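Biologist: Please take one part of this model and look at it closely. I would like the strands: which pairs with which, and in what direction?

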Amino acid sequence: MAINSIDFEYIRQLLDKKTSVVLPDDKVYFVESRLAPIASSEKLNSVSQLIAKLRIYPGNDLHERVIEALMTTETFFFRDNYPFEALQKFILPELINKRKIERSLNIWSSACSTGQEPYSIAILLQEHFPIINNWNVSIIASDISEQMLKLARTGRYNQHQINRGLSVNLRNKYFQQQGKEWEIIPEIRHQVVFQQLNLCKTWNSLPKMDLIFLRNVLIYFDIKTKQNILFQVRQLLEPDGYLFLGGGETTINIDDNFEVVKFDKAICYRLRSK
């Protein structure tokens with residue numbers, strides 16, 4: 001039985017309050033399918049009963065499980081490819097040349113889910129830029145979900161996950177098979193620091209960044225939240241740094257302090273010169 005409009009609105013408000021993610025009107029089935037396993041694990045007969053329990057016991061661990069179940073976690077290695085080609089061919093050579101005195105580089109992968117994006121960045125650096133092996137390179141990966149971060153820290157992926165975006169050569173070079181899973185080698189795993197971070201709150205724990213990956217996450221927020229997030233990005237991004245968004249995202253008509261930069265088929269953003 002489908003949940004009623006009152007229950008759906010309760011879930012929408014809960015998600016908005018905790019994460020600022022806006023759930024569209026047509027996501028009733030999405031909510032039901034994501035929450036059905038939790039209802040079953042709680043020995044409840046329906047998602048409606050689960051929502052009733054949420055109302056009775058506000059603020060407990062069950063709420064956190066529901067929030068995590070509703071968050072989109074889609075990701076894969078070297079996703080969309082073009083941003084990584086731009087990194088390899090243009091952006092990293094430029095930044096490495098500019099930072100050769102400081103010999104440091106800070107990279108942030110936000111909304112990293114199970115870690116494929118930051119590990120892809122670490123592999124790219126190891127594969128193509130051994131010149132910075134003795135630099136102070138920081139790759140920070142963050143996500144709102146502790147469950148996703150726990151999985152990311154293990155660096156373990158099943159066969160389906162390892163096949164998505166990763167060549168056989170890179171798989172064999174940077175992963176070791178452990179039964180039915182593949183585990184990233186310690187040399188790569190230790191390059192990435194994972195931490196919990198809510199994009200809709202302040203980011204005081206982060207240093208100034210040369211590269212920010214904020215891909216495929218702004219689409220879930222309303223315009224005001226997007227503006228607030230991009231305002232914080234401006235405070236964090238180095239004047240000559242670069243911001244990557246998802247293919248369906250842009251700063252245009254949201255924050256005019258960014259300008260579009262194109263590298264072949266890749267599009268990214270940097271702070272507009274004042």
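**Strand pairing, step by step**

Modeller: Start with one pair of residues: Ser109 has Ala141 in β2 as its bridge partner. The model is predicted, with residues numbered from 1 along each chain as its sequence is written, and local features need pLDDT of at least 70. Side-chain atom pairs count only at pLDDT 80 or more, while totals for chains, interfaces and linings use all residues, and side-chain values use heavy atoms, without hydrogens and water.

Strand β1 covers residues 104-109, and strand β2 covers residues 136-143. The two run parallel and are joined by 6 bridges (strands pair if DSSP finds at least two bridges between them). Strands are DSSP E runs of at least two residues, helices H or I runs of at least four, numbered from the N terminus. Helix α6 (residues 116-128) belongs with β1 and β2 in a β-α-β unit, and this unit is right-handed (clockwise from first strand over helix to second, with the strands pointing away from the viewer).

Now follow β2 to another partner. Strand β6 (residues 192-196) runs parallel to β2, with 5 bridges between them. Here Asp143 faces Gln196 of β6.

Go back to β1. This strand also runs parallel to β7, through 3 bridges. Ile107 is matched with Leu211 of β7. Strand β7 (residues 209-214) has 6 of its 6 residues buried, so the rest of the structure largely encloses the strand (buried: under 20% relative accessible area, 1.4 Å probe, protein chains only; exposed: over 50%; partly exposed: in between).

β7 has a further parallel partner, strand β8 (residues 237-245), and 5 bridges link the two. Ile212 finds its bridge partner, Leu243, in β8. Between these strands the chain passes through helix α11 (residues 223-236), and the β-α-β crossover from β7 to β8 is right-handed.

There is also an antiparallel sheet. It is open, has 3 strands, and follows the order β3-β5-β4. β3 (156-158) and β4 (175-178) are its edges. Each has a single partner strand, so one side of each lacks a neighbour in the sheet. β3 and strand β5 (residues 181-184) run antiparallel, joined by 3 bridges. The bridge partner of Asn158 is Glu181, in β5.

To recap the directions: β1 runs parallel to β2 and to β7, whereas β3 and β5 run antiparallel. Strands of a sheet pair through backbone hydrogen bonds, in either a parallel or an antiparallel way.
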